[in-house]
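The following report describes selected features of one protein model. Please consult the sequence and the structure shown below while reading.

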Amino acid sequence: MSFTQACVVVDCSCSQTCFKYTLKPRQRMYIYIVLGYYNRRGINPEAFLKEIQFIASDPDEEHFFEVTDESALKDIVDALGERIFSLEGNSQGKGFGLQMAQAGFSSHLVNDGVLLGAVGAYDWNGAVLKETKHGKVVSQKSSYKDEFPEALKNHAAYLGYSVDAVISSRGSQLYIAGAPRFNHTGKVIIFTLKNNGNLTILQALLGQQIGSYFGSGLLSMDIDGNGYTDFLLVAAPMYYNQGWERGRVYVYSLSSEAFFTLHGVLEVPHHSQNSRLGSALAQIADMNGDGYKELVVGAPLEDDHQGAIYIFHSQNKMIGPYYKQRISGAGFSAGLLYFGQSLHGVLDVSGDGLVDLAVGALGAAVIIWSRGVVRIEAKMTFEPEKINIFNKNCQRGGKEVTCMSLVITERKLVSDTSVWYSLVFDERRFSPWAVLDESFRQQPRTLLLHTGNQECERLDFSVQDITDYRRPIVVAVEAGLQSQVKGPVLDPDWPTTLRTELPFWNGCEEDTCTPDLILHSRTDLLNVLQFCSTRKHATSSLCSHRKGHEEKMFVVETGRRKMIVFAELQNQGENAFRTSLDISTTPNLLFSSLLVKVLKCLSVTASQRSCNISAPFMRSLSQVGWLISNVLKCFHVLISEGEDGYPDDNTNNIILPLKYQADLLFTRDTDPHRFEIRSGFYSSSGKEPDTAFPTFNLTFNVQNLGIFFVKDIILEADIWSVTKEGNQLVDITDYFIEEVIHVIHLIYINSSNSVSIPLHCILSLSPSKALKLTFRGRLHLPTLQAVSYHVCFTLIKLKLVYCLLR
């Protein structure tokens, strides 16, 4: 009797650097095969090599090979397959048909029976059978030849390692089968199988990596429960990545034309360990209340072979790319191994209405009870919908404020439970603009929610005075479950905090107001016409030298230190928000004061002010006035948010051409020179030498008592010096000017024989400065002694002329 048996067959990956196999026919029709991949598992290479050399047939150089190139791996496997399958077959030495089929290696219920995988059929290329109530349906080997060519007959594709079925959107049923060893990378076929045995392959999905075992696990998912397949999941649990056998699951979407397209890949990339993710796949009922089913994926090699499972939630009719929960086998029992090698999520073992999950392990099964995943829906409504700051309808803390109400509505989607919530106004502002009333400040608060019903609670609060209505008040509500130990848990993807904005009402019909600001302004200065019309100033030099345009020239009188600007603002349109007044003055003036309570001004520069007219609104049809002191050139600009209906009247440019009234003091020497002259007699108050032409001094003082620089001071003097008969009485010989800052034109003396001697000079004086003017002359004693008179005076007519300064 002859027989054939393969002792060991183990696959490897494309990343391995040393591939070994041996062949040693120690017993008739026995085959010893070792495919080593010690680099994956961290095996000691020295001990491993000794072991497989012992297994290999002698001599080692003919039966022991080292492979570092994947292309060489395929050639060796082809040769190995020829030697293996030459020993297999029936008694006539031909290959097997269904004798080694192992039908039932995998199974799946379909509409009219059971689909069975037969991995050993047709020389281990595999096949798919169907058991119906009318009998067994078997397809011929030739049905697979297009996807499993004769050239690869000795590769042992293992078709039927996994089987499944999908329902297209048109209602047709398609069968799925995996062949994880096909061409070393794996293949999945989509086909139809009629009860007469006709098998038609519609599409094939190919693996990407040698030894990944692509197609070893299949799962069709109808995540929305409409009876049609949405996705096909194909496992490649031995997929090798970054030095670890991590595994991955391919997600294919099914089109309306029943064509599969790669949609994405599920991985756990951050675990530096062997995992074999995808060794088991299971669809479970909706856990988070969104109506879509979830996915569980086994990873039995994680945590040093203790194993783990991953739960992926569906989101918006899609499978989420990242897992939502990881359950490790180490948490159940210290000795538990390969937790997650099989999965089943159909039965409700605990009887609580939730589907429980059965997880297979080495020699054990673990039942995991489900906790419902819930979502809390919160909503906030305000009464009124906007903050009316114009209506101060209550008092809080002795202040008039705006009072409002907030209604919180919460609804839970699954099962009755108790929840808590807390409310915060302006969580990022140190001092919030809104404050809950005293009776509602206890946080957090509790509500009992019933499934599908909503619960409401009304909270009263007040809004404080603010200056910026554009920024709404942000209201945040956070909710959570009262119990964290039992009952449902919150959906981690569902927000637990709701934020909404409570806007301010601007008092206008639209969201944007249209104000109409009108600015009027004037000063308290008198123009020249007004100045000269008063009796007090009618005789001033300015009024005697008027040249016209009196209404355009303004006068600053002597002693004036301030000027006042009267301004008035009206709003004839809708409310104006953040109305401000920009005031600019000439840089040589000082801003003294602004007299109005509603204006708050900030200094921009030494000559500029920016003032807020009202906070935050200047109401429609309102007006405000103010006084500005010590401004001689004023530029007013009005600014407000919102488009002004008539912006031309928002600017007042007050330019005042000025004349300052000079304050000059003109005096003479209080002790002038005196002479006594009689016929034959002469005496003087001074010590003069005995001469026929004694000298004398005439001294005058001019002082600027004002605060302005005075220029173009004209000093004119007429000295009577000649008698009617033409006799010379007096001569002016010289002059002296002391403490003069600016002299524009010096004195000139006309010495011609005339009734008088005219003197003329032009001077300038700075504030608080003075000058002394002295004329020196001489008397003609012979002429004077010959004149007949009782008393004689030397007559001097002195006149001071000055202009008002601009």
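Which residues have the most contacts inside the largest nonpolar core? They are Leu423, Phe461, Ile473 and Phe504, in a core of 32 residues. A nonpolar core is a set of buried Ala, Val, Leu, Ile, Met, Phe, Trp, Tyr and Cys residues joined through side-chain atoms within 4.5 Å. Strands that each supply at least two residues of this core include β27 (376–383), β30 (417–425), β33 (454–463) and β34 (473–481). The largest share, 5 residues, comes from β34. A second, separate core has 26 residues, among them Leu115, Ala118, Val163 and Ala177.

The model is predicted: local features need pLDDT of at least 70 and side-chain atom pairs count only at pLDDT 80 or more, whereas totals for chains, interfaces and linings use all residues. Residues are numbered from 1 along each chain as its sequence is written, and side-chain values use heavy atoms, with hydrogens and water left out.

Phe461 touches, among others, Phe382, Met404, Leu406, Phe425, Val435 and Leu502, not counting residues up to four places away in sequence; contact means heavy atoms within 4.5 Å.

**Two open sheets**

Helices (H or I, at least four residues) and strands (E, at least two) are DSSP runs, numbered from the N terminus. Two strands pair if DSSP finds at least two bridges between them. One open sheet has 4 strands in the order β11-β12-β15-β16, with antiparallel pairing. Its edges are β11 (217–221) and β16 (260–266); each has a single partner strand, so one side of each lacks a neighbour in the sheet. Neighbouring strands here are turned by 25° against each other on average, direction ignored; the axes are lines fitted to C-alpha atoms, for helices over the stretch in contact, and angles run from 0 to 180 degrees between N-to-C directions. Between β11 and β12 (residues 231–236) there are 5 bridges, and Gly217 stands opposite Ala235 in β12.

Another open sheet of 4 strands follows the order β17-β18-β19-β22, also with antiparallel pairing. In this sheet the average turn between neighbouring strands is 20°, direction ignored. β17 pairs with β18 (residues 294–299) over 5 bridges, and Ala282 stands opposite Val296 in β18.

**Individual residues**

The relative accessible areas below are classed as buried (under 20%), exposed (over 50%) or partly exposed (in between), with a 1.4 Å probe and protein chains only.

| Residue | Relative accessible area | Class |
|---|---|---|
| Val137 | 4% | buried |
| Ser216 | 16% | buried |
| Lys317 | 35% | partly exposed |
| Asp304 | 68% | exposed |

Val137 lies in strand β6 (residues 135–138). Its C-alpha atom is separated by 6.8 Å from that of Asn196, which is 59 residues apart along the chain.

Ser216 lies in the loop between β10 (199–206) and β11. Leaving aside neighbours within four places in sequence, Ser216 is in contact with Tyr161, Ser162, Pro180, Ala235 and Pro237. The side chain of Ser216 also reaches the backbone oxygen of Tyr213 at 3.0 Å.

Some backbone geometry also deserves mention. Phi of Asp304, in helix α6 (residues 302–305), is near 60°, a positive value in a residue other than glycine. Lys317, in the loop between β20 (314–315) and β21 (318–319), has a positive phi of about 65° although it is not a glycine. The peptide bond from Glu383 to Pro384 is cis, with omega near -5°; Pro384 lies in the loop between β27 and β28 (394–396).

Note on methods. Polar contact = N/O pair within 3.5 Å; in protein donor to acceptor, adjacent residues only side chain to side chain.
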